[in-house]
Each structure stands twice: as C-alpha cells, then as structure tokens.
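I am opening a notebook on a structure that I have not looked at before. I will write down what I looked up, in the order in which I looked it up.

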Amino acid sequence: MGEYRKSGLIALGCLMLLLAVVGAVLPLMPTTIFLILALWFFARSSPRLEAWMLSHPRFGPPLRAWREEGAVSRHAKIMACAGMAIGYGAFLLAVEPVPWLAVLVALALIGSAVYVVSRPEVQKAASSQEKRAPADDHQREED
C-alpha cells in the first residue's frame, strides 16, 4: 500500500474517531456509525489502531459484535431511533423545510431506522451460556 494512501486512511480514521467523540457528547449527532467507519479505515491502514479500537473497554464489545455478527444491542437501536426522531424534530423546527424536503428527509431517516432495527441483536446471554455449557457437561460426566 502506498504511503500516501495509508496516511490518508489513517487521517480519515482519526477524523471519524473525532466525530464519534463529538457524537458521544452532542445528543443529535450519532456515535456508532463514526466508530464503525473509523474501524473500517484503520483495518485498511493500521493494524495497531484497529486492535486498539477492538480492545477498547467501552467501544470494543459493540464493534466486535458488529464485525462478527452485524449485531446491534437493543439499547443502541433504541438510542439510534430516538436520536433520529429528535434530530428530525429539530430539523423541522429549525429549518422549516418545504414539504418535499421534509418528506425526503423523513424517508431517509425511516429507511435508516428500518435498517438499524432489522439488524440482529447482540446475544450476551447465549454466548455466556455457551461458555458455561462445556464446564457443566464436564461436571455431569464426573458425577
């Protein structure tokens, strides 16, 4: 990979990470999509930064769930849909758009919400049961 391309991808990853941090503070700006994009850029440019994101105590688990299963937690789905609804309300009040623009933005947000809600949910209980199952079977064999 060319040095300029690698540097550009790292810069874009850092920009996405910065936008994710801003999104964590501002209620109307998303966080997760910027984290996913940052991970995507780092995966193509810096294994060290990719590993750092995947092992981060706060953001690592949802990023790993997304990468491995395309899964999103129920809480994240609720927050995403609520953020879209609040953002749309703020858009209507602040911009007072013409009707066709209001409908266009509403359709885009509805499509985004449908996509988010249709993702599988993170299966914490199932994965912890799978980890316990072999130990339980081993104890049963000893009895």
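The entries below go from the overall fold to single residues.

**Entry 1: the whole chain**

I noted before anything else that this is a predicted model. I then looked up the secondary structure, and found 7 helices and 0 strands, so that I can write the order along the sequence as α-α-α-α-α-α-α, given how helices and strands are assigned. I also looked up how much of the protein is buried, and the answer is 24% of its 143 residues. For the contacts with a separation of 6 or more, I found that 55% are between residues 24 or more positions apart.

**Entry 2: helices H2 and H3**

I turned next to one pair of helices, H2 with residues 32-43 and H3 with residues 47-55, whose axes come within 7 Å and cross at roughly 145°. The handedness of this crossing is left-handed. I listed the residues that make the contact: H2 brings Leu35, Ala38, Leu39, Phe42 and Ala43, while H3 brings Pro47, Leu49, Glu50, Met53 and Leu54. Sorted by character, the residues of this contact are 9 nonpolar, no polar and 1 charged.

**Entry 3: the largest nonpolar core**

Which residues have the most contacts inside the largest nonpolar core? I found Leu17, Leu35, Ala38, Phe42, Met53 and Leu63 in that role, in a core of 15 residues. Helix H1, which covers 3-25, supplies at least two residues of this core, and so do H2 and H3. The helix that gives the most is H2, with 7 residues.

I then followed Leu17 by itself, leaving aside residues up to four places away in sequence, and found that Leu17 touches Leu35, Ala38, Phe42, Trp52 and Met53.

**Entry 4: helix H4 and what comes after it**

In helix H4, residues 60-69, I found Gly60, Leu63 and Ala65 to be the buried residues, and I noted that the buried residues of H4 pack against H2 and H3. Just after H4 comes Gly70, which takes a positive phi of about 65°.

Further along I stopped at Ser73, which lies in the loop between H4 and helix H5, the latter covering 74-95. I asked myself why Ser73 counts as partly exposed. The reason is its relative accessible area of 30%, because the class takes in values between 20% and 50%. Ser73 and Gln123 are 50 residues apart along the chain, and their C-alpha atoms are separated by 8.3 Å.

**Entry 5: two buried residues of helix H5**

I looked up Met84, which has its place in helix H5 and is buried, with a relative accessible area of 16%. Leaving out residues up to four places away in sequence, I found that Met84 touches Leu109, Ser112, Ala113 and Val116. From Met84 to Pro30 the C-alpha distance is 8.8 Å, with their positions 54 residues apart in sequence.

I then did the same for Phe91, which is also found in helix H5. Is Phe91 buried or exposed? Its relative accessible area is 19%, and because buried means under 20%, Phe91 counts as buried. With residues up to four places away in sequence not counted, Phe91 touches Glu96, Pro97, Leu101, Ala102 and Val105. For one of these, Ala102, I noted a C-alpha to C-alpha distance of 8.6 Å from Phe91 and a separation of 11 residues in sequence.

**Entry 6: Glu96**

As Glu96 appeared among the contacts of Phe91, I looked it up as well. Glu96 is found in the loop between H5 and helix H6, which covers 99-118. It is exposed, with a relative accessible area of 66%. I also noted that Glu96 has a positive phi of about 45° although it is not a glycine.

**Entry 7: cysteines**

How many disulfides does the structure hold? I found 0. I looked up the exposure of two cysteines, and noted that Cys14 counts as partly exposed at 39% relative accessibility, and that Cys81 likewise counts as partly exposed, at 26%.

Technical notes
Residues numbered from 1 in each chain as written. Predicted model: local features only at pLDDT ≥ 70, side-chain atom pairs only at ≥ 80, totals over all residues. Heavy atoms only, no water. Axes fitted to C-alpha atoms, helices over the stretch in contact; angles between N-to-C directions. Helix = DSSP H or I, 4+ residues; strand = E, 2+ residues; numbered from the N terminus. Left-handed = near helix turned anticlockwise from the far one by under 90°. Contact = heavy atoms within 4.5 Å. Nonpolar A, V, L, I, M, F, W, Y, C, P; charged D, E, K, R; others polar. Disulfide = S-S within 2.5 Å. Buried < 20%, exposed > 50% of the residue type's maximum accessible area, 1.4 Å probe, protein only. Core = buried A, V, L, I, M, F, W, Y, C linked by side-chain atoms within 4.5 Å.
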